[in-house]
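User: Hi! I've got a structure open here and would love to talk it through with you. Could you have a look?

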Amino acid sequence: MQYKRILLKLSGESLMGKRQYGIDPTRLSDYAQEIKAIVDKGIEVAIVIGGGNIFRGVAGASNGMDRVQGDYMGMLATCINGLALQSAIESAGVSTRLQTAIKMEQVAESFIKRKAVRHLEKGRVVIFGAGTGNPYFTTDTAAVLRAIEISADVILKGTRVDGIYSADPEKDPTATKFDHITHQSVLDKGLKIMDLTAFTLSQENNLPIIVFNMDTEGNLQKLLSGEKIGTVVSAKQ
């Protein structure tokens, strides 16, 4: 396997599957099987998941809601998704822990770096909920922050497209795909991969990011086996 410890970043919307809202049990089960396959290979897996399938703080703010209040609602949405993903992964036969940046002792552990690392070392999948625990920060930022804290080798950003393109491939048929690109080139070209805070944090800590299509069966395992899947973003070309 190419990496020993990874952080997998999933969007909340990815859990909707073909639905318009909420969580698709079939999609959850598919993800759980993909994750189990790499855990069985000895990969240590941490996960950060968004909450956009339930509530997005920015959207609430645009409709007149207090931004801070909306962001806290979004954090709780990520915890709901974390619980759902935890249940699916455990049903697949893999031990998990859900750690949250906001205390909720009855349903999850509070985030403690040393505990998280110990769980990973014991082969448990660790799911990080509630983002960073602070408003105005996205789950992208939470993903990069947690990856740095647990000394992950790479961030795998699962999306519905197979990498980074020069333009939106769903809107521009002439868009070209990058197999490898540097952090600086992403910034120079104005490509939207993560929010700027998250991406800058990744760049400053030389943390590579791989953007790939999580919805294609087997992609996660192929990527970690060294196949050229998706787009690699790193400090050097």
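Analyst: Happy to; we can go from the overall build to single residues.

User: Great. What kind of model is this?

Analyst: This is a predicted model.

User: OK. What does the secondary structure come to?

Analyst: The protein has eight helices and 11 strands.

User: And how does the radius of gyration sit with a compact globule?

Analyst: The two agree: a compact globule of 237 residues would be near 18 Å, and the protein has 17 Å. Taken along the principal axes, the C-alpha atoms fill a box of roughly 50 × 45 × 35 Å.

User: How much of the protein counts as buried?

Analyst: Of the 237 residues, 50% count as buried. The exposed surface comes to about 11500 Å², with 48% supplied by carbon and sulfur atoms. On the contact side, if you take those with a separation of 6 or more, 70% are between residues 24 or more positions apart.

User: Let's do the sheet. What's the strand order?

Analyst: It is an open sheet of nine strands with mixed pairing, in the order β4-β3-β5-β2-β1-β6-β10-β11-β9. At the edges stand β4 (109-110) and β9 (180-182); each has a single partner strand, so one side of each lacks a neighbour in the sheet.

User: Remind me, how do strands of a sheet pair?

Analyst: Through backbone hydrogen bonds, either parallel or antiparallel.

User: Which strand does β9 pair with, and in what sense?

Analyst: β9 pairs with β11 (residues 231-234) in the parallel sense, over three bridges. Within that pairing, His180 stands opposite Val232 of β11.

User: Now β6. Is it enclosed or open?

Analyst: Strand β6 (residues 154-159) is largely enclosed by the rest of the structure, because six of its six residues are buried. Each face is covered: Val154, Leu156 and Gly158 are buried on one side, and Ile155, Lys157 and Thr159 are buried on the other.

User: Lys157 is buried too? Good to know. What sits beside β6 in the sheet?

Analyst: Yes, Lys157 is one of the buried residues there. Strand β1 (residues 5-10) pairs with β6 in the parallel sense over five bridges, and in that pairing Leu10 has Gly158 as its bridge partner. β6 also pairs with β10 (residues 209-213), again parallel and over five bridges. There, Leu156 has Ile210 as its bridge partner.

User: Which helices pack on the sheet?

Analyst: Two to look at are α3 and α5. Helix α3 (residues 67-91) lies across β1, β2 (44-49), β3 (96-100) and β5 (125-129), and runs at about 170° to β3. Helix α5 packs on the sheet as well, touching β1, β2, β5 and β6, and its direction makes about 175° with that of β1.

User: Can we zoom in on α5? I had Val144 highlighted. Buried or exposed?

Analyst: Val144 belongs to helix α5 (residues 139-149). With 0% relative accessibility, Val144 counts as buried.

User: What does Val144 touch?

Analyst: Leaving aside residues up to four places away in sequence, Val144 touches Ile155, Met194, Ala198, Leu201, Ser202 and Leu207. Ile155 is one of the buried residues of β6 that we just went through. You can also find Phe199 from there: its C-alpha is 7.9 Å from that of Val144, while the two are 55 residues apart in sequence.

User: Switching topic: how many aromatic pairs are there?

Analyst: The count comes to one aromatic pair. Phe111 and Phe128 have ring centres 5.5 Å apart and planes at 80°, so the pair is edge-to-face. Phe111 is in the loop between β4 and α4 (113-121) and Phe128 is in strand β5, so the pair ties together parts 17 residues apart in sequence.

User: Is Phe128 buried or exposed?

Analyst: Phe128 counts as buried, with 4% relative accessibility.

User: Last one: which residues other than glycine have a positive phi?

Analyst: Tyr136 is one of them, with phi near 75°. Tyr136 lies in the loop between β5 and α5 and counts as exposed at 53% relative accessibility. Asn206 also has a positive phi, near 50°. You'll find Asn206 in the loop between α7 (196-204) and β10, and at 55% relative accessibility Asn206 counts as exposed.

User: Lovely, thanks!

Note on methods. Residues are numbered from 1 along each chain as its sequence is written. This is a predicted model: local features need pLDDT of at least 70, side-chain atom pairs count only at pLDDT 80 or more; totals for chains, interfaces and linings use all residues. Side-chain values use heavy atoms; hydrogens and water are left out. Buried means under 20% relative accessible area, exposed over 50%, partly exposed in between (1.4 Å probe, protein chains only). Helices (H or I, at least four residues) and strands (E, at least two) are DSSP runs, numbered from the N terminus. Two strands pair if DSSP finds at least two bridges between them. Contact means heavy atoms within 4.5 Å. Axes are lines fitted to C-alpha atoms, for helices over the stretch in contact, and angles run from 0 to 180 degrees between N-to-C directions. The radius of gyration is taken over C-alpha atoms; the globule rule is 2.2 Å times the number of residues to the power 0.38. Accessible areas come from the Shrake-Rupley method with a 1.4 Å probe; for residues, only the protein chains shown count as cover. Rings of Phe, Tyr and Trp (its six-membered ring) pair if their centres lie within 6.5 Å; planes under 30 degrees apart count as stacked, over 60 as edge-to-face and the rest as tilted.
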